[in-house]
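Here are some exercises to work through with the model open beside you. Try each task before reading its solution.

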Amino acid sequence: MKRQRRPRQEAKKQLVEAEAWGEEVDEPQAPADEPDETGWTTSTAQMAGLSRLVRAGVWALVVSGPVLGALAFLSSSAPAQGAAKPAAAAAPASPVGPAGFAELFVAAYLQAGQGTERDLAPYYSGSVALAVKPGTRTATQSTVIASHEVQPGYWSVTVAADVTAHDGKGKSTRLGVQYFRVGIQAAGLAGAGGTEQGDAAGYAATSLPAQVAAPAALKPGGLAYETDRGSSSADPSVETARGFLAAYLTGTTELDRYTSPGTRLQPISPAPYATVKVTGVQDDSSGSVQLKVPADGTVLHQLVQVDATDQAGSPVSLSYALTLKSRAGRWEVASVDDAPVIRASSPPSAAPYTTTPSPDAVTASDLPSPSNS
């Protein structure tokens, strides 16, 4: 009996699998309601119902597969509950606002004098009594040369001012550049130099300006242009620099004649000069005279000195750092460099600060006092 039941069980198994995947097979002829080894009684109708149930379950899994996959992706990409969000980095405080305020304050301070102390009220609210006569000094030019945050929202700003003295007879004398340090408190957002979370910005000086010494003068590091080419027209690189700068500053010829392909250089417009004369050229090549242009792609750095004459006939001395490249037997300008090239590992060194006063310069003792004005 076991031998007969086993083939029937195998046939039933094949029928169920075929029905689940929608395949057609011939159903084995078997007596109805025949018990199997386990004691369960099965029939063809029961097997057909079971196969339909299995087939429905398989199709349900097939259809729900993409949906379950999408849900799994969304659940994996969603942020974990309770995960700490990274804190936004605080924007550094900007010195622009305090620096501009300090520059205005120094200009007003130099102009003010006895009886016009109220002119400083927008900048400094402390008690002020000035001894100098109003208008004795003025700042013809000024600029901020240093600023740093002493503590949050509180700035130390150094202003350089080109000061001119005026006497009671209407004579003006340039005193030179002087330096003034000012303490400035700032209110408002960090972009205005403050620390608060409001939109309004405001500034206040904490004292009158303090005149301070000039910053230390430095001797620049060595430049990379160690070969002096002079201004000889026999040197092809010098001739390229001459033609390029003439076109660049006067606009009398096309700039493309002297530049490398793809170089986006434009002449100054309107042209500021009528003529240009090259007075000296230095470069970073070897010391030998270069009457022949080297192989294509060779790079040469130049420092060119020129005397340009403006439209009114006044001469102006200028320096230009150029990068040249060789191509097809000629030198071409690849760029006008942002700054002259410095030799590697050549930092600036301290140099003693010396100044020679102009013949018209005056000292503080020469200025008129309120008592003799």
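The exercises below go from the whole chain to single residues and then to the nonpolar cores.

This is a predicted model, in which local features need pLDDT of at least 70, side-chain atom pairs count only at pLDDT 80 or more, and totals for chains, interfaces and linings use all residues. Residues are numbered from 1 along each chain as its sequence is written, and side-chain values use heavy atoms, with hydrogens and water left out.

**Exercise 1. Describe the chain as a whole.**

Step 1: Start with secondary structure, taking helices (H or I, at least four residues) and strands (E, at least two) as DSSP runs numbered from the N terminus. The chain has 4 helices and 14 strands.

Step 2: Turn to burial, where buried means under 20% relative accessible area, exposed over 50%, and partly exposed in between (1.4 Å probe, protein chains only). Of the 373 residues in the chain, 29% are buried.

Step 3: Look at contacts, meaning heavy atoms within 4.5 Å. Among those between residues at least 6 apart in sequence, 59% join residues at least 24 apart.

**Exercise 2. Is Ser319 buried, partly exposed or exposed, and which residues does it touch?**

Step 1: Find Ser319 in strand E12, residues 315-327.

Step 2: Ser319 is partly exposed because its relative accessible area is 47%.

Step 3: Leaving aside residues up to four places away in sequence, Ser319 touches Val304 and Gln305. The side chains of Ser319 and Gln305 make a polar contact at 2.4 Å. Such a contact is a pair of N or O atoms within 3.5 Å; within protein, one must be able to donate a hydrogen and the other to accept it, and residues adjacent in sequence count only if both atoms are side-chain atoms.

**Exercise 3. Do the same for Gln178.**

Step 1: Gln178 sits in strand E5, residues 172-187.

Step 2: Gln178 counts as buried because its relative accessibility is 15%.

Step 3: Beyond residues up to four places away in sequence, the residues Gln178 touches include Val159, Val163 and Gln211. With Gln211, the Gln178 side chain makes a side-chain polar contact at 3.5 Å.

**Exercise 4. Which elements supply the largest nonpolar core?**

Step 1: A nonpolar core is a set of buried Ala, Val, Leu, Ile, Met, Phe, Trp, Tyr and Cys residues joined through side-chain atoms within 4.5 Å. The largest has 24 residues, and those with the most contacts inside it include Phe105, Leu120 and Phe180.

Step 2: Helix H3 (96-111), strand E4 (154-166) and E5 each supply at least two residues of this core. H3 gives the largest share, 8 residues.

Step 3: A second, separate core of 23 residues includes Phe244 and Val304.
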